[in-house]
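Colleague: I should like to learn how to read the charged side chains and the backbone of a model such as this one. May we go through it feature by feature?

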Amino acid sequence: MKTARITRLAALKRQVELQKWMSEASRLNNELKRLNERIEQVDGLKKLYNDQLRAPAITSKELVGIRIIDNHLNDRRDIDHNRRELLEVERQRMAVMLAQKKSQVESLQTEAKQLKKAEANERFERLQALVPLKRNS
């Protein structure tokens, strides 16, 4: 028979595991936020360089330089978008896992409470059995 203490310890172990996963999810969210900011920066730079292309009297050397920079920015944007897609998939997977782990912790805590209550009732009944009955005189 399980005891409340063992179940409570299992719940604590799962809770520590849940905290580790929540920490990992937080790091993932921070990485996504940083990546989104960088994507916005790259888009802003692309817009500035594209505006520069429209400037009058641009030399061929400047044009080649801007095209090279534009290609590098396109590469960076593609890499960042692909990474963001991967991180979004990972975040969704992690959200499901966190929900499952949270559910496990809650069910173990509930079970521990029920077992503790049952153990207390059992102890009370044993004590009641030891108490002598009053005599009716």
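Colleague: Is R76 buried, partly exposed or exposed?

Modeller: This is a predicted model, and the reading rests on relative accessible area. A residue between 20% and 50% is called partly exposed. R76 is partly exposed because its relative accessibility is 32%.

Colleague: With which residue does R76 form a salt bridge?

Modeller: The general idea is that side chains of opposite charge can pair when their charged atoms come close. Here the partner of R76 is D80, and the closest N and O atoms are 3.0 Å apart. Both residues belong to helix α2, where they stand four residues apart, about one turn of the helix.

Colleague: Why does D80 count as buried?

Modeller: A residue is called buried when its relative accessible area is under 20%. D80 has a relative accessibility of 0%, so it counts as buried.

Colleague: How many salt bridges does a search of the whole structure find?

Modeller: The search finds twelve salt bridges. One of the pairs is E17 with K101, whose side chains meet at 2.6 Å, N to O. This pair links distant parts of the chain, with E17 in helix α1 and K101 in helix α2, 84 residues apart.

Colleague: Are E17 and K101 buried or exposed?

Modeller: E17 is partly exposed, as its relative accessibility is 26%. K101 is buried, with a relative accessible area of 14%.

Colleague: Which residues does K101 touch, leaving out those up to four places away in sequence?

Modeller: K101 is in contact with E17, L18 and W21. E17 is thus both a contact of K101 and its salt-bridge partner.

Colleague: Which residue pairs with D51 in a salt bridge?

Modeller: The side chain of D51 meets that of R54, at 3.2 Å from N to O. D51 is partly exposed, with a relative accessible area of 37%. R54, at 64% relative accessibility, counts as exposed.

Colleague: Which residues are linked in a network of salt bridges?

Modeller: Salt bridges may also be read as a network. In this model E31, R34 and R83 are linked in that way.

Colleague: Which residues gather in the patch of positive charge on the surface?

Modeller: The patch brings together R5, R8, K116 and R123. Two elements, α1 (4-53) and α2 (60-130), each give two or more residues to this positive patch. To take one member, R123 is found in helix α2 and is partly exposed, with a relative accessible area of 45%. Residues with no salt bridge and over 30% relative accessible area can belong to a patch, so R123 meets the area requirement.

Colleague: Let us turn to the backbone. What is notable about the phi of A57?

Modeller: Most residues other than glycine have a negative phi. A57 is not glycine, yet its phi is positive, near 60°. A57 is placed in the loop between α1 and α2. Exposed means over 50% relative accessible area, and A57 counts as exposed because its value is 76%.

Colleague: How far apart are Q92 and Q41 in sequence and in space?

Modeller: Separation can be stated along the chain or through space. Q92 and Q41 are 51 residues apart in sequence, and their C-alpha atoms are 25 Å apart. Q92 is found in helix α2 and is exposed, with a relative accessible area of 54%.

Methods: Residues are numbered from 1 along each chain as its sequence is written. This is a predicted model: local features need pLDDT of at least 70, side-chain atom pairs count only at pLDDT 80 or more; totals for chains, interfaces and linings use all residues. Side-chain values use heavy atoms; hydrogens and water are left out. Patches are made of residues with over 30% relative accessible area and no salt bridge: like charges are joined within 9 Å, nonpolar side chains (Val, Leu, Ile, Met, Phe, Trp, Tyr) within 5 Å. Accessible areas come from the Shrake-Rupley method with a 1.4 Å probe; for residues, only the protein chains shown count as cover. A salt bridge is a side-chain nitrogen of Lys or Arg within 4 Å of a carboxyl oxygen of Asp or Glu. Lys and Arg count as positive and Asp and Glu as negative; His and the chain ends are not counted. The place of a charge is taken as NZ of Lys, CZ of Arg, CG of Asp or CD of Glu. Buried means under 20% relative accessible area, exposed over 50%, partly exposed in between (1.4 Å probe, protein chains only). Contact means heavy atoms within 4.5 Å.
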